Every structure is written in C-alpha cells, then in structure tokens.
Amino acid sequence: MATHRSIVVLSGAGVSAESGISTFRGVNGLWNNHRIEEVASPEGFARDPDLVHRFYNLRRRQLLDPQTRPNAAHLALARLERSFPGEFMLVTQNIDDLHERAGSSRLIHMHGELLKARCGACETVAVRYDDIDSADTCGHCGARRALRPHVVWFGEMPMRLEEIYTALGGCDLFLAVGTSGHVHPAAGFVDVARRAGAATVEVNLETSVTESMFQRRILGAAAAVLPVLVDELLDGTR
Ligand code: APR
C-alpha cells in the first residue's frame with residue numbers, strides 16, 4: 001500500500017503538451033507568438049475584446065478537435081486519484097478539460113476553464129463550446145457585450161486558493177508535473193508543502209525555475225514518467 005496519506009499534485013502545460021496543446025514558454029510556446037498583456041490581461045480585454053476572444057476561440061476549437069485527447073499523463077493521474085487510499089487533490093494551471101476527460105474529479109482549475117464563459121455583469125458562469133463574440137449577450141441576465149472567457153488573467157486572483165493552501169498544509173507528498181515554475185502563486189506551492197513536512201517531487205522535460213526546491217526531480221516526458229511513478233506510489237515503493 002502507498003506509504004503516503006495525502007497527495008497534492010500540481011499540473012502545468014507540460015502535461016497537455018503530448019496531447020498537442022501548446023505550452024506557454026517552450027519552443028513554439030504561446031507567449032512566443034502573442035503578447036501576454038494583449039491577450040491575457042483585463043487591460044488587454046478592455047482595449048480589444050475581439051482580439052482576446054479570437055485568441056481563446058482558437059484554443060477552444062483546438063481543444064474540441066477530435067484529435068485532441070488526454071494522454072498517458074492525464075490517465076495516470078486519474079488512476080492515482082482512483083486507486084490511492086489516502087487524500088488526493090489535483091490542482092491544475094491548465095484551462096483545458098483533458099484531466100476531466102481522463103477521469104480526474106478531485107480537481108481544481110486555479111486558472112479557470114477554457115470551456116466556460118463568465119458574464120461581467122451578473123458573474124454567471126456557463127459552459128461554452130462555440131466561439132465567443134464580443135457582441136454576445138449573457139444567457140442569464142441578457143447583458144450585451146458582457147461575456148469573457150472564464151479564465152484567470154495576469155493581475156487577477158487565481159481560483160479556490162484557500163482550498164489549495166489547506167490541502168498543501170496537510171499533504172505529505174507534493175508532486176509538480178510539467179510546469180516551468182515561472183508563475184506565482186503556483187510556483188510557491190512547493191515551499192508551502194515542504195514547510196508542512198511533505199516530500200516534494202518534480203517531473204519535467206527539463207530543469208524548471210523551481211527545480212532546486214524539490215527533493216526529487218525526475219527528468220522526462222510526463223506521459224512516459226507518470227505511469228511508472230503512479231505504479232510506485234500505489235505500491236508504496238516511493
Ligand atoms: N512532459 C513534462 N514536462 C514538459 C513536457 C512533457 N511532455 N513538455 C513540456 N514540459 C515542461 C517544460 O519544460 C516547462 O517547464 O512543461 C513546462 C511548461 O511550462 P510553461 O509553458 O511555462 O507552462 P506552465 O508552467 O503551465 O505556465 C503556468 O503561466 O501563462 C501562464 O496561465 C498560464 O497556466 C499558465 C501559467
């Protein structure tokens with residue numbers, strides 16, 4: 001049986017990379033081709049909502065393409081949640097729904113969700129599969145030109161942080177997978193877990209900014225590493 005009693009996993013764009021979803025800072029990363037302040041900030045949205053909607057509409061269409069499917073990394077994390085006897089929480093910085101499609105349910109999208117839209121007038125959040133247009137009206141309150149992606153932009157507060165910090169304070173294993181450690185507060189989670197006495201493991205294709213904060217680092221592709229690591233965790237050998 002697993003030697004751990006409470007696991008928190010943080011996933012980043014590297015987990016979805018092998019499903020064909022672009023990362024942000026790697027080769028051909030999204031931020032190489034778009035200015036963050038133009039497409040991922042409240043100021044950018046106020047300045048040019050159509051540009052921002054085009055940026056997210058493109059990513060939503062790619063996510064809904066039948067070719068885009070969960071990969072072995074997503075499936076391994078869902079298996080860990082299902083088979084691990086202790087407490088488990090998966091915190092993802094990703095806005096795709098590949099963790100859900102792989103079977104994960106104890107999941108927090110701290111940066112929001114690409115397949116949801118939020119009304120700036122009544123705050124109603126609704127599932128959204130088709131393009132959002134800046135002239136769209138809110139299906140709940142009828143406000144015009146009020147819909148935005150239900151995504152956390154730079155300068156905005158990530159979601160459900162209180163639940164996340166509570167879980168970090170009580171875990172005895174913190175596993176970060178496929179994240180560069182550039183963006184806070186997610187980049188600081190390893191320190192919170194470590195101070196709570198947790199073992200800390202990082203899985204990444206290359207060294208991340210926060211790699212020195214982890215007791216154990218496994219270099220490799222998440223889709224190859226995670227299935228083996230999950231076996232070890234469930235056998236209690238790690
Ligand atoms: N397996 C494991 N790691 C991988 C793989 C892979 N197949 N492919 C890429 N990586 C690693 C890269 O080495 C990098 O460290 O995934 C990380 C991706 O880093 P980023 O592109 O910065 O993505 P992420 O860390 O999720 O970004 C955090 O920044 O722009 C914001 O909101 C956005 O949620 C995002 C946040």
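**View 1. Arg160 is found in the loop that runs between strand S6 and helix H8.** Helices and strands here are DSSP runs (H or I over at least four residues for a helix, E over at least two for a strand), numbered from the N terminus. A word on what you are looking at: this is a predicted model, in which local features need pLDDT of at least 70 and side-chain atom pairs count only at pLDDT 80 or more, while totals for chains, interfaces and linings use all residues. Residues are numbered from 1 along each chain as its sequence is written, and side-chain values use heavy atoms, with hydrogens and water left out. Back at the loop, the phi angle of Arg160 is near 55°, a positive value in a residue other than glycine. Arg160 is partly exposed, because its relative accessibility is 43% and the bands are buried under 20% relative accessible area, exposed over 50% and partly exposed in between (1.4 Å probe, protein chains only).

**View 2. Arg145, in the loop between strand S5 (125–127) and S6, also deserves a look at its backbone.** Its phi is near 55°, positive although Arg145 is not a glycine. Most residues other than glycine have a negative phi, and most peptide bonds are trans. With a relative accessible area of 52%, Arg145 is exposed.

**View 3. His184 and Pro185 are joined by a cis peptide bond.** Omega at this bond is about 5°. To find the spot, follow the chain into the loop between S7 and helix H9 (189–195), where Pro185 is found.

**View 4. Strand S6 (residues 147–151) is largely enclosed by the rest of the structure.** What makes S6 count as enclosed? Five of its five residues are buried, so the rest of the structure largely surrounds this strand. Its partner in this view is strand S4 (residues 112–119), which pairs with S6 in the antiparallel sense over five bridges; pairing asks that DSSP find at least two bridges between two strands. To get your bearings, look for Glu113, whose bridge partner in S6 is His150. In a regular strand the side chains alternate between the two faces of the sheet. The side chain of Glu113 also meets that of Lys116 in a salt bridge, at 3.0 Å from N to O. Here a salt bridge is a side-chain nitrogen of Lys or Arg within 4 Å of a carboxyl oxygen of Asp or Glu. Lys116 is partly exposed, at 25% relative accessible area.

**View 5. Asp172 and Arg5 form a salt bridge that links distant parts of the chain.** The structure holds 17 salt bridges; in this one, the closest N and O atoms are 3.9 Å apart. Asp172 belongs to the loop between helix H8 (161–170) and strand S7 (173–177), and Arg5 to the segment before strand S1 (6–11), 167 residues apart. Are these two residues buried or exposed? Asp172 counts as buried, with 14% relative accessibility, whereas Arg5 is exposed, with a relative accessible area of 52%.

**View 6. Arg128 and Asp130 make a salt bridge, and Arg35 joins a network of them.** The closest N and O atoms of Arg128 and Asp130 are 2.9 Å apart. Arg128 is buried at 16% relative accessible area, while Asp130 is partly exposed at 46%. In the network, Arg35 is linked with Glu37 and Glu38.

**View 7. The ligand is surrounded by 22 residues.** A residue joins this shell if one of its heavy atoms lies within 4 Å of the ligand. Which residues come nearest? They are Phe24, Arg25, Thr179, Ser180 and Asn204. By class, the shell has nine nonpolar, ten polar and three charged residues; Ala, Val, Leu, Ile, Met, Phe, Trp, Tyr, Cys and Pro count as nonpolar, Asp, Glu, Lys and Arg as charged, and the others, Gly among them, as polar. Helix H1 (residues 13–17) supplies the largest share of the shell, three residues.

**View 8. Backbone atoms of Phe24, Gly178 and Leu205 approach the ligand.** An oxygen atom of the ligand is 2.7 Å from a polar backbone atom of Phe24, and a ligand oxygen is 3.2 Å from one of Gly178. A nitrogen atom of the ligand lies 3.3 Å from a polar backbone atom of Leu205. Taken alone, the ligand exposes 740 Å², of which the protein buries 92%; accessible areas come from the Shrake-Rupley method with a 1.4 Å probe, and for residues only the protein chains shown count as cover.

Definitions and conventions. A polar contact is a pair of N or O atoms within 3.5 Å; within protein, one must be able to donate a hydrogen and the other to accept it, and residues adjacent in sequence count only if both atoms are side-chain atoms.
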